[in-house]
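Q: Could you take me through one chain of this structure, looking closely at how its fold begins and then at the contact with its partner?

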Amino acid sequence: MPPVEYYESTKNIWVVTPAGRMDAALASALDDLLQTLIQQGRTRLVVDFEKVSYLASSGLKALIAARRTTHAAGGEIVLAGLSPRVREVLEITGLDRLFRIVPSRAEALDLFV
Amino acid sequence: MVETTLLVPGRFDRLESITDFVARAARLAGLNESSVYHCELAADEAYSNIIMHAYGGENRGDIQLTCQCEPGILTIIFEDHGRPFDSGSIKAPDLSGPLEELAEGGLGVHLMRQLMDEVKFDPGRDQNRVTLVKRDHSRVP
């Protein structure tokens, strides 16, 4: 099973579902996938963290890079399903200001109209 | 004091064994689960920095990890023989500036400093050392 899966939801929204520990290895896979999707014009993105137990700065860098390129292309990236510990890392670094963060994937999908 | 040491090749696929080793030591020191998680994350950042910056990539040298456990205090020491690299000289990201101009560099060191009570970098010609300390403030000042 690939470390990061994705699928197209409704309205051309692409949901990315990493699973496990978001250390350097998984972050690299997430970065590759997000940049590939964005280059393909798929810039309405949800990253669902429900299955992510751990987030290191390598994961944050992948998210920052994806936010920069999606916004440059007129799209958006929304983060969903963060556990309190994963969210704490975003808050400690101040990056929670950079992203729209919602409790669940369903709420993330509702943000796109 | 209980001291445990682990010597591993500098490879990202060893990250989980590194953080597991640190988590066991943190629990042995009596830290709470939130602090255990902070120690795991900080160790991840320190180890990754050594691979990327001191060795300039994977499989270029070994990294020695030592955990010193005292009641309510965990000291984590990383030692490598890569090029002298002072992570302490890396500036923290400027979070007060425009978000679009935020640089990704320095996030790991910034995170380590936020998570731990002490973070010390000792770059050297023959050996670099990174020391991280976490205290249970309900037990020790």
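A: What follows goes from the whole of chain A to its opening hairpin, and then to the contact between the chains.

This is a predicted model, and in it chain A has 4 helices and 6 strands, which run from the N terminus on in the order β-β-α-β-β-α-β-α-β-α. The radius of gyration of chain A is 12 Å, close to the 13 Å that the globule rule gives for 113 residues, so chain A is as compact as a globular protein of that length. Its C-alpha trace spans about 30 × 25 × 25 Å along the principal axes, and 45% of the 113 residues in chain A are buried. Among the contacts in chain A with a separation of 6 or more, 72% join residues that are 24 or more positions apart.

Turning to the opening hairpin, strand S1 (residues 4–8) of chain A pairs with strand S2 (residues 14–22) of chain A in the antiparallel sense, over 5 bridges. Within this pairing, A:Tyr6 stands opposite A:Val16 in S2(A). The hairpin has 5 residues between the strands, and in it A:Lys11 takes a positive phi near 60°.

As for the partner, the contact takes 19 residues from chain A and 19 residues from chain B. On the side of chain B that touches chain A, helix H1 (15–28), helix H2 (33–54) and helix H3 (107–115) of chain B each supply at least two residues, and the residues of that side divide into 9 nonpolar, 4 polar and 6 charged.

Technical notes. Residues are numbered from 1 along each chain as its sequence is written. Chains are lettered from A and ligands numbered from 1 in the order in which they are written. This is a predicted model: local features need pLDDT of at least 70, side-chain atom pairs count only at pLDDT 80 or more; totals for chains, interfaces and linings use all residues. Two residues are in contact if their C-beta atoms, placed from the backbone, lie within 7 Å. Ala, Val, Leu, Ile, Met, Phe, Trp, Tyr, Cys and Pro count as nonpolar, Asp, Glu, Lys and Arg as charged, and the others, Gly among them, as polar. The radius of gyration is taken over C-alpha atoms; the globule rule is 2.2 Å times the number of residues to the power 0.38. A residue is buried if 20 or more other C-beta atoms lie within 10 Å of its own, exposed if 12 or fewer, and partly exposed in between; C-beta atoms are placed from the backbone. Two strands pair if DSSP finds at least two bridges between them.
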